[in-house]
Amino acid sequence: MDLSNTNSISFKPFIYSPVLKNTSLSWNTGIKLIQTEFIGTVEKPEWEYELPEWDDDSFSAHTLNFAFASEQGDYSQKLTLSTNLPPKVDQYNGTLSFGFPFITTSVSAGIKQKSIDDNDWELIPLNHNSSIKLLAGKINLSNTFKYDLEEKTPSTYNLSVNIYNFSVSYSMLYTNKYEYNETVGWKSIAEKEFQPVSINLKYNRTAEKLKFLGEKVKLSPSISTALYYDMQRPTNSYFSFAPTITFETNEFLNLSCPSSSTNTAIYAYLPDYTDF
């Protein structure tokens, strides 16, 4: 059994200002008060109990955070700066975010010491997130981008569009390329590059409940479908179809009857675009 303790103190000097009320200075700690380790055997169980010390392992968190925030109507800006305090490994982070009508965007980066025993420093990847929401969130477009400042190359990119019950997502990664071998199939090669990896289309819908016998029995059908296209290994693409029917009896018994079907050979339907 492990026992932990967390503490947080926040100071908001402009709490009565409608514009700057979210500006704050906060201090957070997380301490592992008791850590247990099994050192016995099945025949003779025994545990060792470790009390906290002033070291990185005993502290799950020890940070100081400053946030300068302003907000007026649908417009907002926020700059957050945070740093690790001893005995945690040195780390400094910054996040800048903006909010507009229907649009939010943020960017973050930082720098940290590699380890408690290594005084070298490394850059934390740059992250960018943004989203557009329309019709009370029924239409949503969002994207995330991560750039490796140490390697000076993009590492991930994700774009998603949600329109009511339909969604499309597109992903890119800095990863190994693949080539097809007739003997072993797809084989990873050493060369890496930032490249498209997948497109995923989904449709989910739950219909309105059908009521019978004076609403004592209710029937709720739903459907979930997905079309996944692997842009690195196209033969791994698939289509899935999963309908479900749920019976509800007088708010007493819920019985779901799910089924699913997956077609893993959809690439074979495109003979003009494949040599496999």
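How many bridges join strand β2 to strand β4, and in which sense do the two run? Eight bridges join them, and the strands run antiparallel. This is a predicted model. The protein chain has 17 strands and zero helices. The points below follow a run of paired strands, then turn to the chain as a whole.

**From β2 to β4**
- Strand β2 covers residues 24-38, and strand β4 covers residues 59-72.
- Ser 24, where β2 begins, has Ala 67 of β4 as its bridge partner.

**From β4 to β5**
- Strand β4 also pairs with strand β5, which spans residues 75-84.
- Ten bridges link β4 and β5, again in the antiparallel sense.
- Two residues separate β4 from β5, and the two strands form a hairpin.
- Gly 73 sits in the turn of this hairpin and has a positive phi of about 65°.
- On either side of that turn, Gln 72 stands opposite Tyr 75 of β5.
- Ala 69 has its bridge partner in β5 too: Lys 78.

**From β5 to β6**
- Strand β5 pairs with strand β6, which covers residues 91-100.
- The pairing of β5 and β6 is antiparallel and counts eight bridges.
- β5 and β6 form a hairpin as well, with six residues between them.
- Gln 77 meets its bridge partner, Phe 98, in β6.

**Overall dimensions**
- The protein chain has a radius of gyration of 26 Å.
- A compact globule of 276 residues would come near 19 Å instead.
- The C-alpha trace spans about 65 × 60 × 60 Å along its principal axes.

**Burial, surface and contacts**
- Of the 276 residues in the protein chain, 20% count as buried.
- The protein chain exposes about 18900 Å².
- Carbon and sulfur atoms supply 57% of that exposed area.
- Among contacts with a separation of 6 or more, 38% come from residues 24 or more positions apart.

**Charge**
- The protein chain carries 22 positive and 31 negative side chains.
- The centres of the positive and negative sets lie 11 Å apart.

Terms used. Residues numbered from 1 in each chain as written. Predicted model: local features only at pLDDT ≥ 70, side-chain atom pairs only at ≥ 80, totals over all residues. Heavy atoms only, no water. Pairing = 2+ DSSP bridges. Helix = DSSP H or I, 4+ residues; strand = E, 2+ residues; numbered from the N terminus. Rg over C-alpha atoms; globule rule 2.2 N^0.38 Å. Buried < 20%, exposed > 50% of the residue type's maximum accessible area, 1.4 Å probe, protein only. Contact = heavy atoms within 4.5 Å. Areas by Shrake-Rupley, 256 points an atom, 1.4 Å probe, with all protein chains shown as cover. Lys, Arg positive; Asp, Glu negative; His and termini not counted. Charge placed at Lys NZ, Arg CZ, Asp CG, Glu CD.
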